[in-house]
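The following exercises are meant to be worked through with the sequence and the coordinates open side by side. Try each task before reading the solution below it.

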Amino acid sequence: MGVAENIEHTGRVVRTEEGKIFVVITANSACGSCRARKACGMGEQSEKIIEVESASWSEYAEGEEVIVAVRKHVGMRAVLLAYALPVVIMLALLVAAKACGTSDGVAAGVCVAGAAVYYALLFVLRRRVAEGIKFTIHKI
């Protein structure tokens with residue numbers, strides 16, 4: 001896997017437990033020029049803790065510098081699920097509500113209710129969604 005196929009961040013191991021490595025990553029200067037920085041959330045927050053499942057968890061020590069990566073298409077799918085799809089749903093609901101002759105207030109309420117139902121469903125299915133997002137880790 002080349003760099004072009006992955007989204008990579010340098011981080012530091014903050015703790016390990018059986019089968020898992022927790023890595024804190026910090027937005028770096030490269031994030032400033034990235035077009036997707038707001039979509040991935042790194043443009044808004046300086047540090048995030050990433051949980052990486054790994055059979056070799058015992059080989060990593062607290063404080064160790066590592067590189068955490070995720071496949072680019074997985075990142076784009078996350079952006080689609082979190083941002084693009086809800087907008088499409090809200091626009092479709094708005095058009096449908098207005099086509100039925102509802103007032104602007106009712107149409108707006110339908111949009112908000114639709115977004116709330118979507119995010120509630122996403123919350124219920126979060127484990128299933130998370131199964132498709134696999135981070136890889138390697139030492140520097």
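**Exercise 1.** Determine how many helices and strands the chain contains, and in what order the elements run.

*Solution.* In this predicted model, the secondary structure of the chain comes to five helices and five strands. Reading from the N terminus, the order of the elements is β-β-α-α-β-β-α-α-α-β. As for burial, 23% of the 140 residues in the chain are buried.

**Exercise 2.** Identify the residues of the largest nonpolar core and the strand that gives the most to this core.

*Solution.* Begin with the membership: the largest nonpolar core has ten residues, namely Val13, Ile21, Val23, Ile25, Ile50, Val52, Tyr60, Val66, Val68 and Ile137. Next, assign them to elements: strand 2 (20-26), strand 3 (47-53) and strand 4 (65-71) each supply at least two residues of this core, and strand 2, with three residues, gives the most. As background, nonpolar side chains in soluble globular proteins tend to be buried together.

**Exercise 3.** Find the salt bridges that Glu5, Lys20 and Lys139 form, and state which parts of the chain each one links.

*Solution.* The structure holds six salt bridges, and these are treated here one by one.

1. Glu5 pairs with Arg71, with the closest N and O atoms 3.8 Å apart; this pair links the segment before strand 1, where Glu5 lies, to strand 4, where Arg71 lies, across 66 residues. Glu5 counts as partly exposed because its relative accessibility is 38%, and Arg71, at 32%, is likewise classed as partly exposed.
2. Lys20 pairs with Glu51, the closest N and O atoms being 3.4 Å apart, and thereby joins strand 2 to strand 3, the two residues being 31 residues apart. Lys20 is partly exposed at 27% relative accessible area, and Glu51 is partly exposed at 38%.
3. Lys139 meets Glu64 at 3.4 Å, N to O; Lys139 lies in strand 5 (residues 136-139) and Glu64 in the loop between strand 3 and strand 4, 75 residues apart.

**Exercise 4.** Describe which aromatic rings take part in a ring pair, and which rings have a charged group over them.

*Solution.* The structure holds one aromatic pair, formed by Tyr118 and Tyr119, which meet edge-to-face with 5.4 Å centre to centre and 75° between the planes. Tyr118 counts as buried because its relative accessibility is 12%, under the cut-off of 20%, whereas Tyr119 is partly exposed at 39%. Turning to charges over rings, the charged end of Arg15 sits over the ring of Phe22, 3.8 Å from its centre, and Lys139 lies over the face of Tyr60, at 5.2 Å from the ring centre. Lys139 thus recurs from the previous exercise, where Glu64 was its salt-bridge partner, while Tyr60 is a member of the largest nonpolar core.

**Exercise 5.** Is Phe123 buried or exposed, and which residues form a nonpolar surface patch with this residue?

*Solution.* Phe123 lies in helix 4 (residues 104-124) and counts as exposed because its relative accessibility of 52% is over the cut-off of 50%. The patch consists of Leu121, Phe123, Val124 and Leu125, which together have about 400 Å² of accessible area.

**Exercise 6.** Work out how far Gly19 is from Trp57, in sequence and in space.

*Solution.* Gly19 is found in the loop between strand 1 (6-17) and strand 2, and is partly exposed at 24% relative accessible area. Gly19 and Trp57 are 38 residues apart in sequence, and their C-alpha atoms are 5.6 Å apart in space.

Notes. Residues numbered from 1 in each chain as written. Predicted model: local features only at pLDDT ≥ 70, side-chain atom pairs only at ≥ 80, totals over all residues. Heavy atoms only, no water. Patch = residues over 30% accessible without salt bridge, like charges linked within 9 Å, V, L, I, M, F, W, Y side chains within 5 Å. Areas by Shrake-Rupley, 256 points an atom, 1.4 Å probe, with all protein chains shown as cover. Salt bridge = Lys/Arg side-chain N within 4 Å of Asp/Glu carboxyl O. Helix = DSSP H or I, 4+ residues; strand = E, 2+ residues; numbered from the N terminus. Buried < 20%, exposed > 50% of the residue type's maximum accessible area, 1.4 Å probe, protein only. Core = buried A, V, L, I, M, F, W, Y, C linked by side-chain atoms within 4.5 Å. Phe/Tyr/Trp six-rings, centres within 6.5 Å; stacked < 30°, edge-to-face > 60°. Lys NZ or Arg CZ within 6 Å of the ring centre and 35° of its normal.
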